[in-house]
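Take a walk through this structure, one helix at a time. Keep the 3D view open as you read.

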Amino acid sequence: MTDVKVLHEHGLSHHQTGPLRSAGYGTAEAIAELVDAHRAGGEASALAQLPGMGPRRLALVCSAVDSWRAACS
C-alpha cells in the first residue's frame, strides 16, 4: 500500500489530504477507490460526503489520483 503522502507529489497539500486522513483513508489506493466510486456515483459518493470536501477539493483529489496513476503506469 502507498502512503497518502505520495499524492502530495501530484498536487495535493497536507491540508487538502487532511479530510481524507481524518476519515481513515491513509493510502493512495484507498483514495483512488473513493475517486472511482465518486465518478460512478457523483455527489452521493462517500468522497463527496466527507466533511471539508467541497467541489474544488474534489477536483484536486481526482486530478492528483489521475496523475499518480499515470506516473505508476
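What follows goes from the core to the helices and then to single residues. The model is a predicted one.

Start in the middle. The largest nonpolar core has 20 residues. Those with the most contacts inside it are L7, L20, I31, L47, M53 and V61. Which elements give two or more residues to this core? They are helix 2 (28–41), helix 3 (46–49) and helix 4 (55–72). Helix 4 supplies the largest share, 6 residues.

M53 shows how the core is joined up. Leaving out residues up to four places away in sequence, M53 touches P19, L20, L47, A48, L58 and V61. Two of these, P19 and L20, are among the buried residues of helix 1.

Now turn to helix 1. Its residues run 14–22. Buried here are Q16, T17, G18, P19 and L20. What do the buried residues of helix 1 pack against? They pack against helix 2, helix 3 and helix 4. After the helix comes G24, with a positive phi near 95 degrees.

Stop at T17, in helix 1. T17 has a relative accessible area of 0%, so it is buried. Its side chain still has a polar partner: a contact of 3.1 Å joins it to the side chain of H8. Beyond residues up to four places away in sequence, T17 touches V4, H8 and L12. H8 therefore appears twice, as a polar partner and as a touching residue, for a residue with 0% relative accessible area.

Helix 2 comes next. Does its length fit, or does it not? Its 14 residues should span 20 Å at 1.5 Å a residue. The end C-alpha atoms are 20 Å apart, which agrees.

Helix 2 also has a buried side. A28, I31, A32, L34, V35 and H38 are buried. They cover an arc of only 155 degrees around the axis, so they sit on the same side of helix 2. The face turned away from that side carries the exposed residues E33 and A40. What covers the buried residues of helix 2? The cover includes helix 1, helix 3 and helix 4. Just after helix 2, G42 takes a positive phi of about 65 degrees.

Follow the chain on to the loop between helix 2 and helix 3, where S45 lies. Is S45 buried or exposed? S45 has a relative accessible area of 6%, and the cut-off for buried is under 20%, so S45 is buried. The side chain of S45 makes a polar contact of 2.7 Å with the side chain of H38. H38 is one of the buried residues of helix 2. Neighbours within four places in sequence aside, S45 is in contact with A37 and H38.

Helix 4 holds two residues worth a stop. The first stop is A64, which lies in helix 4. A64 is buried, with a relative accessible area of 0%. Residues up to four places away in sequence aside, A64 touches L7, H10 and L12. L7 is also among the core residues with the most contacts. L12 is also touched by T17 of helix 1. A64 and V4 are 60 residues apart in sequence, yet their C-alpha atoms are 11 Å apart in space.

The other stop is R69, also in helix 4. R69 is partly exposed, with a relative accessible area of 30%. Which residues does R69 touch, not counting residues up to four places away in sequence? They are A32 and D36. With D36 there is a polar contact between side chains, at 2.8 Å. The C-alpha atoms of R69 and A32 are separated by 8.7 Å, although the two residues are 37 residues apart along the chain. A32 is one of the buried residues of helix 2.

Last, look at the cysteines. How many disulfides does the structure hold? It holds 0. C62 is in no disulfide, and its nearest cysteine sulfur, that of C72, is 16 Å away. A disulfide needs sulfur atoms within 2.5 Å, so this pair does not qualify. C72 is likewise in no disulfide. The settings of the two cysteines can be read from their relative accessible areas: C62 is buried at 9%, whereas C72 is exposed at 55%.

How values were computed: Residues are numbered from 1 along each chain as its sequence is written. This is a predicted model: local features need pLDDT of at least 70, side-chain atom pairs count only at pLDDT 80 or more; totals for chains, interfaces and linings use all residues. Side-chain values use heavy atoms; hydrogens and water are left out. Buried means under 20% relative accessible area, exposed over 50%, partly exposed in between (1.4 Å probe, protein chains only). A nonpolar core is a set of buried Ala, Val, Leu, Ile, Met, Phe, Trp, Tyr and Cys residues joined through side-chain atoms within 4.5 Å. Helices (H or I, at least four residues) and strands (E, at least two) are DSSP runs, numbered from the N terminus. Contact means heavy atoms within 4.5 Å. A polar contact is a pair of N or O atoms within 3.5 Å; within protein, one must be able to donate a hydrogen and the other to accept it, and residues adjacent in sequence count only if both atoms are side-chain atoms. The expected span of a helix is 1.5 Å times one less than its number of residues. The arc is that of the directions from the helix axis to the C-beta atoms.
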